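Hi,

Here's the structure I said I'd pass along. Have a look at it first, and my notes on what turned up are underneath.

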Amino acid sequence: MSTRTTAAATAVESAGLPAAFVERLRLILEPEQVDQALSAFAGDRATAFRANTLKVAGPGLVEELERDGLSPTPLQWKADAFTIPPAQRRALTAAAACRDGRLYIQNPSSMLIPLILDPQPGEEVLDLCAAPGGKTSQMAAMMANRGRIAAVESVRSRFFRLRANLERAGVAIADTYLRDGSSVWRQCRERFDAVLLDAPCTSEGRFRLDEPDSYALWRPGKVRELQRKQRRLLFSAVQSLRPGGRLVYSTCTFAPEENELVVDGILRRFGAALEIEAIAAPVAGVSSGLTGWRRKLLDPSLERALRILPDELMEGFFVCRLFKRASTPD
């Protein structure tokens, strides 16, 4: 870690982030990872987007954006995804391709999550906390609009935003539901081939120093509050998944209580019926899941989960992929 980065991280730490959050971060990450995360909260981040292949091919979209004065650069590990400099973000949002759904602005960390789930054409997929629809529309594109996606959202305003985004993107295989995802399993017991649970969280991986609202509501009690919700949602996700299916649990936060401890709880509940699968991430800046937190030993297979560290491009994320070996009891 360079002296410059360390100095930047020190400046960020003293510039307004909650002291209790920074203290916890130092317990969760290695020292050099803490410096990287703190610096990322203050630095300019490139804007990423993906071509919506339900409507347009990537090369044609790039040519159009270049004519508009933008300078897209391909994302090395995803052929239909690109980045632009931070200063061009406003112009990108105003582009016709953005307005009509031929591209979707989305952080690369978020793009990784559907790739890890790997939905296939013809499958039945559950997206349990679907708004605003970026991952849902990405999965529909991966499935070539063949199969079915049940897209669930519990917050009314976010639900209507989800529906509008899916319509704009040309998604034809999504049925949308305004309901609490924690109860879905009662009507869809062991039905789905794949389940995505990108859970509501404290969003620590998206903190921005120039956006005080991004961390203004953070407090340790909020972590515990969301953990209770995440546990109920993950139980519903597992119960909705058929034996032989796979499930991805993800958050955009650092808190082990919202990540490894939630998964550890479901493993303890269902034992050998669930297995954490290894993930081959196509990006640098990742670390393994924690196998212990504050004197509590966790399932050793949580080492197969991934933590994506924030940097000048990526937001902080946690992701874990589960395979369902056998039916699970109520």
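H10 and H11 sit oblique to each other: their axes cross at roughly 45 degrees, and an angle that is neither under 35, nor over 145, nor from 65 to 115 counts as oblique, so that is the label this pair gets. Keep in mind that this is a predicted model. H10 covers residues 220-240 and H11 covers residues 260-270, and the two axes come within 10 Å. The crossing of H10 and H11 is right-handed.

Which residues make the contact? From H10 you have Gln227, Gln230, Arg231, Leu234, Phe235, Val238 and Gln239, and from H11 there are Leu261, Val262, Val263, Ile266, Arg269 and Phe270. Sorted by class, that contact of H10 with H11 comes out as eight nonpolar, three polar and two charged residues.

There's another helix pair to look at, H2 (residues 19-28) with H3 (residues 31-42). The axes of H2 and H3 come within 9 Å and cross at roughly 145 degrees. On the H2 side the contact uses Phe21, Val22, Leu25 and Arg26, while H3 brings Val34, Ala37, Leu38 and Phe41. By class, H2 with H3 gives seven nonpolar residues, one charged and no polar.

Finally, the pocket. The second largest pocket has a volume of about 260 Å³. Its lining is made of 14 residues, with Leu75, Asp311, Glu312, Leu313 and Met314 lying nearest the centre. By class, the lining of this second largest pocket splits into eight nonpolar, four polar and two charged residues.

Cheers

Note on methods. Residues are numbered from 1 along each chain as its sequence is written. This is a predicted model: local features need pLDDT of at least 70, side-chain atom pairs count only at pLDDT 80 or more; totals for chains, interfaces and linings use all residues. Side-chain values use heavy atoms; hydrogens and water are left out. Axes are lines fitted to C-alpha atoms, for helices over the stretch in contact, and angles run from 0 to 180 degrees between N-to-C directions. Helices (H or I, at least four residues) and strands (E, at least two) are DSSP runs, numbered from the N terminus. A crossing is left-handed if the near helix is turned anticlockwise from the far one by less than a right angle, and right-handed if clockwise. Contact means heavy atoms within 4.5 Å. Ala, Val, Leu, Ile, Met, Phe, Trp, Tyr, Cys and Pro count as nonpolar, Asp, Glu, Lys and Arg as charged, and the others, Gly among them, as polar. On a 1 Å grid over the protein atoms alone, a cavity is a set of points where a 1.4 Å probe fits but cannot get out, and a pocket is an open set with protein on both sides within 12 Å along at least five of seven lines; lining residues have an atom within 4 Å of a point. Grid points are joined across faces, edges and corners, and a volume is the space filled by probe spheres set on the points.
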